[in-house]
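Biologist: Hi! Could you walk me through this one while I have it open on my screen?
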Amino acid sequence: MIITVTPNPTIDKIYWIERLCLEDGEMPVMRATRSYLTAGGKGINVSIFLARMGIENIAMGFIAGETGRAVERRVRDEGITTSFIWVEGETRTTVTLLERGHEQRPIQITEQGPTVPPEALKRFLTQYKRALGRARYVFLGGSLPPGVPETFYQELARLAQQRRVPVIVNAAGEALTQALAEKPWLVKPDTRQRPFPSPDEILKVGRSWVAQGIEAVLVSHDITHDVLITREGAWDLEARDVQFKNLLGAEDALIAGTLSATAQGASLIDAARFGMAAATASAESDELVVTDRAILNHMLSKIHIAQL
């Protein structure tokens with residue numbers, strides 16, 4: 001069983017529009033040609049992918065209000081076990097605009113999320129420790145809502161490491177920095193707001209993390225590239241001839257595909273290649289999660305690997 005932790009779940013509302021109107025004057029009206037609504041957040045997207053691939057998992061995090069009920073209902077409809085902690089307020093909503101011809105540059109408006117009180121954190125830790133008894137892997141990902149300390153992922157990683165459960169961390173900022181101290185099995189830094197300046201910098205930082213005891217580092221760059229760094233070496237994975245429709249779920253699909261393949265016995269490089277195929281399938285689809293085996297197998301042919 002795999003645990004996914006999404007501290008700040010969301011309801012994702014995605015709108016496809018012909019043109020983004022930002023001219024001065026009267027309030028512009030932009031009409032959507034399509035729309036899509038789903039439960040979201042990094043761990044939830046990973047959970048959905050795993051469940052559709054037939055891998056048992058449990059989704060954990062904090063939810064609130066009517067939006068939280070919608071999140072829980074949609075996750076359970078996927079056949080996923082949930083162990084959410086309820087708090088006061090309202091689970092956040094994220095609105096994304098995808099302009100035709102510029103789908104690789106989505107415009108996103110996201111809310112802060114509900115405040116998590118100390119007693120809710122204690123309840124979460126109790127349930128998390130109980131779930132670790134059956135866990136094969138733990139995924140920790142996404143932003144932290146108000147009230148959750150920057151050391152949250154570090155503490156969860158430490159508890160998992162004590163049970164010898166491998167941990168995957170996909171985060172940014174101080175939350176990621178603190179988690180690195182526990183030497184997670186796989187680190188995927190969230191570089192959407194602060195990308196690495198160059199592939200050389202990716203290799204420098206990734207190799208330093210691996211030298212500190214982290215098993216593997218996976219870093220995205222230039223939209224269609226990912227770099228995998230381990231003790232055995234470094235590889236650049238490139239997706240070619242991608243027809244972009246929606247980048248929103250690609251990073252989560254990359255991690256979910258890598259994790260699902262690893263859980264089924266694949267080597268890390270083969271698992272990352274499968275993850276890249278899953279990310280490419282997501283980028284070429286209107287949906288955030290694509291698990292059709294025929295599509296994924298076709299996408300594998302688009303992934304090219306070069307050792308660095």
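Modeller: Happy to, and bear in mind that this is a predicted model. Let's start with strand S1, which pairs in the parallel sense with strand S4 (residues 57–63) over 5 bridges.

Biologist: Which residue in S4 is the bridge partner of Val5?
Modeller: That is Met60.

Biologist: And what about S1 and strand S8, parallel or antiparallel?
Modeller: Parallel: S1 and S8 (residues 137–141) are joined by 4 bridges. Within S8, Val138 is the bridge partner of Ile3.

Biologist: Why is S1 largely enclosed by the rest of the structure?
Modeller: Strand S1 covers residues 2–6, and 5 of its 5 residues are buried, so the rest of the structure largely encloses it. Both faces are covered: Ile2, Thr4 and Thr6 are buried on one side, and Ile3 and Val5 are buried on the other.

Biologist: Nice. Changing topic, what is the strand order in the open sheet?
Modeller: The order is S3-S2-S6-S7, 4 strands with mixed pairing. S3 (32–40) and S7 (107–110) are at the edges with a single partner strand each, so each has one side without a neighbour in the sheet. On average, neighbouring strands of this sheet are turned by 15° against each other, direction ignored.

Biologist: How many bridges join S2 to S3?
Modeller: There are 8, and the two strands run antiparallel, with S2 spanning residues 10–17. As one example, Asp12 has Thr38 in S3 as its bridge partner.

Biologist: Now a lysine that caught my eye: is Lys188 buried or exposed?
Modeller: Lys188 has 1% relative accessibility, so it counts as buried. You'll find Lys188 in the loop between strand S10 (186–187) and helix H6 (199–211).

Biologist: What does the side chain of Lys188 make a polar contact with?
Modeller: With the side chain of Ser220, at 3.1 Å. Leaving out residues up to four places away in sequence, Lys188 also touches several others, including Asn170, Asp226, Glu251 and Ile255.

Biologist: Let's zoom out. How many helices and strands are in the chain?
Modeller: The chain has 9 helices and 14 strands. Its radius of gyration is 19 Å, close to the 19 Å from the globule rule for 308 residues, so the chain is as compact as a globular protein of that length. The C-alpha trace spans about 60 × 50 × 35 Å along its principal axes.

Biologist: And what share of the residues is buried?
Modeller: Buried residues account for 56% of the 308. As for the surface, the chain exposes about 14100 Å², with carbon and sulfur atoms supplying 47% of it.

Notes. Residues are numbered from 1 along each chain as its sequence is written. This is a predicted model: local features need pLDDT of at least 70, side-chain atom pairs count only at pLDDT 80 or more; totals for chains, interfaces and linings use all residues. Side-chain values use heavy atoms; hydrogens and water are left out. Buried means under 20% relative accessible area, exposed over 50%, partly exposed in between (1.4 Å probe, protein chains only). Two strands pair if DSSP finds at least two bridges between them. A polar contact is a pair of N or O atoms within 3.5 Å; within protein, one must be able to donate a hydrogen and the other to accept it, and residues adjacent in sequence count only if both atoms are side-chain atoms. Contact means heavy atoms within 4.5 Å. Axes are lines fitted to C-alpha atoms, for helices over the stretch in contact, and angles run from 0 to 180 degrees between N-to-C directions. The radius of gyration is taken over C-alpha atoms; the globule rule is 2.2 Å times the number of residues to the power 0.38. Accessible areas come from the Shrake-Rupley method with a 1.4 Å probe; for residues, only the protein chains shown count as cover.
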